[in-house]
Every structure is written in structure tokens, then in C-alpha cells.
Amino acid sequence: MGAGENMEAEVRRIILTKPVSLEAGSDAADYRAPNLLQRILSLFKDVRPGSDLSHFKVPPQFNMPKSQLQCYGESLYCFNEDMLKKCNNGKNPIDRFVGVVAWNVSNLRPLTFGISPFNPILGETHHATSGSLNVLLEQISHHPPVSALHATDEMENLEMIWCHQPIAKFYGTSLEVEVSGKRELRLLNHRETYVMNAPNLTFKFLPTPGAEWSGTIRIVCQDSGLEAELRFKGLSFFGFGGNARSIKGKILDRSSSKTLYEINGQWDRNVTVKNMESGEVTVIYNAKENIWRLRTPIVQDLKNVLPSESAVVWSEVSQGILSKDWEAAKRAKRALEDKQRELSRERASRGETWVPKHFTFSYTKEGGWDCTPIHKSVPPSPIVVPT
């Protein structure tokens, strides 16, 4: 049991908001509370540096009106240019690998300092369709927070499986979020599996507030023997040192460690690859073409939207945020959290363990969290991205 427990079968309200896009950073800026920096610092006044913030709760003034599950999903199905199709259409392994690098960059979205999505509740789901791509996410653990994703495109014959656990720590002047877990992209026509990790997030409070992607992404395809490393430039302490949105990296042959391509650029502008043999430089990603003015998903069939759907679960809180009725948002959020605690106590009293509906999962100290979809493919969703 989880988000769908004891909910009415009829969906009374669903709120879908614009996806985060490149224009003006994000619509999240509209939800910003006054005196934001002072308010944020006040939240951490009793938190010690180095503390794990997985149980930390923030008031709705610091939330955008959408769940983290929706943000994960939107990075896959909200786009202007189908980068996945380009991966699949590559004529040879290196072309396809370069395509996967470009697609990976296309998953990045601008961050807004001080504003974060809702932490999904246990059993919450998000299901959406864009063209022939169907995406399904489920929150398979609440403490620690773990999200699972399964996406399939039967027309392109590809599949994605993600398992994410964000681990946030406070360091006095910054907040670091490591997104542990792995992502897999399978191009089934070519019998190629690409395994990659997610970048980290860095939020600087002082001296200049800011939020950016940081860390290193590694992409490995054992089937082709290729590997890539993408290094993201984080925010320097004093705000100097070049563009914080820059990417540098390389694509190499794993067997010989020979560098085949160099990767350079900025994920919010252009990213290029340089062929180390010919010296040719090619633009593989243009952010403005891909994540500018993204279309908001719509509901085509309300009666088939699940009660556990993110946009339903958080609808009352989202409405309060959008109308800037902070007291209403606070009441709705507290009621939702109280209900989850009550359900948890009921399961404990019955000696029951919560089981996800769409995934099986495992955890090992060495390998961390891993998830496996129960169903072979994801069906079309009543929530779709308009063409």
C-alpha cells in the first residue's frame, strides 16, 4: 500500500504545470518566497555541517508545484528535438555512442536557487506519454528516498531503467546533493546497453547564491567497448572561474584507453565533439533547440489517471503554491504527510512490508539500490505531451 491507499477512485483534481525549460531559467522563479536567502538560512540554523538531510522537511514556500518524480520524467519526455531517436539511428557504434552523450546532456534542466520539487511519498507514481515513448516512475522507498523509472518506446525498440537515491548534505555555506544509483539505456535493435550515473547538484548560499549541476558522469557501453567521461564545472566559492555550466570530457576506447573524441561546451548552449584523428569539430547538442519553450503535458483521459499520480497526490499543495495561499498549501502538505505516517503505523501494527506495484528492488551495501520493472513494457498514459 502507499499513495493509492484509501483514496477515492474518482480523481477530483489534477494540476499539471509547465516543465522546467531554458527560458528565464524556470517557471519556478514565479514561486519564490520573499527574503529567500534569509528564509533558507533560517531553516538550517539548527543543522550541523555534514548532516544528512534525507529526513529534512521544508515549508511549501520553498517548493515548486510539482514532484521530483515529475522532474525526472519531464527530463525524458519533454523536448523539442528527439535525441533518443538520433541515438537509435546512428550508423555505427561510435555514432550511436556520441548520440547517447548528446542525449544525456539533453536531460539537464536549469536549477532555481531555493526552490525544489516535492519529495515523493511512498507509492506515488508518475505516468506520461510523448509520441511513442511511455514513461512510468514509482517511489519505491521513502526513507531513504528512492525513485524507480521505466520507459519504453516500442516503435524505436528501446528501453530505459533508472534507480535514483538523492543524498543531501549541508556544509554551512552550501548544500550538496549526490544522486546515487544507475541509469540504463538499451538500444535493443543494436543489442547495446549504456550504463551511466547522474550528475550531482550544488547549492551555494554565500557569498553569492546559486544552483548548478556538478561532478562527473561516466557512460559505459561494454557491447561496443566505448566509454565517456563528462565533467561538470561547479560553482566556485567566490563566483569566479568561468562559466559554471561548462562541460569537458572525452570518449575513449576502453581496450586501448585511446581518446577518440574530446567533448567541450556548455550544457545550456552548445556542446561539441572533436575527432582526435581528423580534428573535425561537430556540434552534437544545442540547448535552445531542445529545451526552449517546452510544451506542458495535458490530460486526455481523466478517468484513467491513477489516484497515485503525482499531479493528483500534490494537487491541493500545488494549488496553494500557485495562488500563493501559503497557509492552504501548508495545511494540505501537513495533511498528506500525516496520512503517510498513519499508514506507516498501520502497516507496522499488522506486520506488513510495503511492496511496490510496478518494480521489484534490492539493496546491497556494495552495489546500492537496484530495481527491475515488473512488466516488459510501459503502456500509453492518459497524460500526454501535445504535438
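The buried residues of helix 8 make their packing contacts with strand 1, helix 6 and helix 7. In this predicted model, the buried set of helix 8 comprises Trp326, Ala329, Ala332, Lys333, Leu336, Gln340, Leu343 and Arg347. The spacing of such a set can be read against helical geometry. An α-helix has 3.6 residues a turn, so positions three or four places apart point the same way. The length of helix 8 may also be checked: at 1.5 Å a residue, its 25 residues should span 36 Å, and because the end C-alpha atoms lie 36 Å apart, the expectation is met. Just after helix 8, Gly351 adopts a positive phi of about 70°.

Helix 7 covers residues 315–322, and its buried residues are Ser315, Val317, Ser318, Gly320 and Ile321. These buried residues pack against helix 8 (326–350), helix 6 (310–313), strand 1 (63–67) and strand 2 (116–118). Just after helix 7, Lys324 has a positive phi of about 55°.

The strands offer a second region to follow. Six of the seven residues of strand 12 (residues 226–232) are buried, and the strand is therefore largely enclosed by the rest of the structure. Strand 12 pairs with strand 11 (residues 210–221) in the antiparallel sense over seven bridges, and within this pairing Arg218 stands opposite Glu229. The two strands form a hairpin with four residues between them, and Gly225 in the turn takes a positive phi of about 75°. Strand 12 also runs antiparallel to strand 13 (residues 246–253), to which seven bridges join it; here Glu227 stands opposite Leu252.

Terms used. Residues numbered from 1 in each chain as written. Predicted model: local features only at pLDDT ≥ 70, side-chain atom pairs only at ≥ 80, totals over all residues. Heavy atoms only, no water. Buried < 20%, exposed > 50% of the residue type's maximum accessible area, 1.4 Å probe, protein only. Contact = heavy atoms within 4.5 Å. Expected span 1.5 Å × (residues − 1). Pairing = 2+ DSSP bridges.
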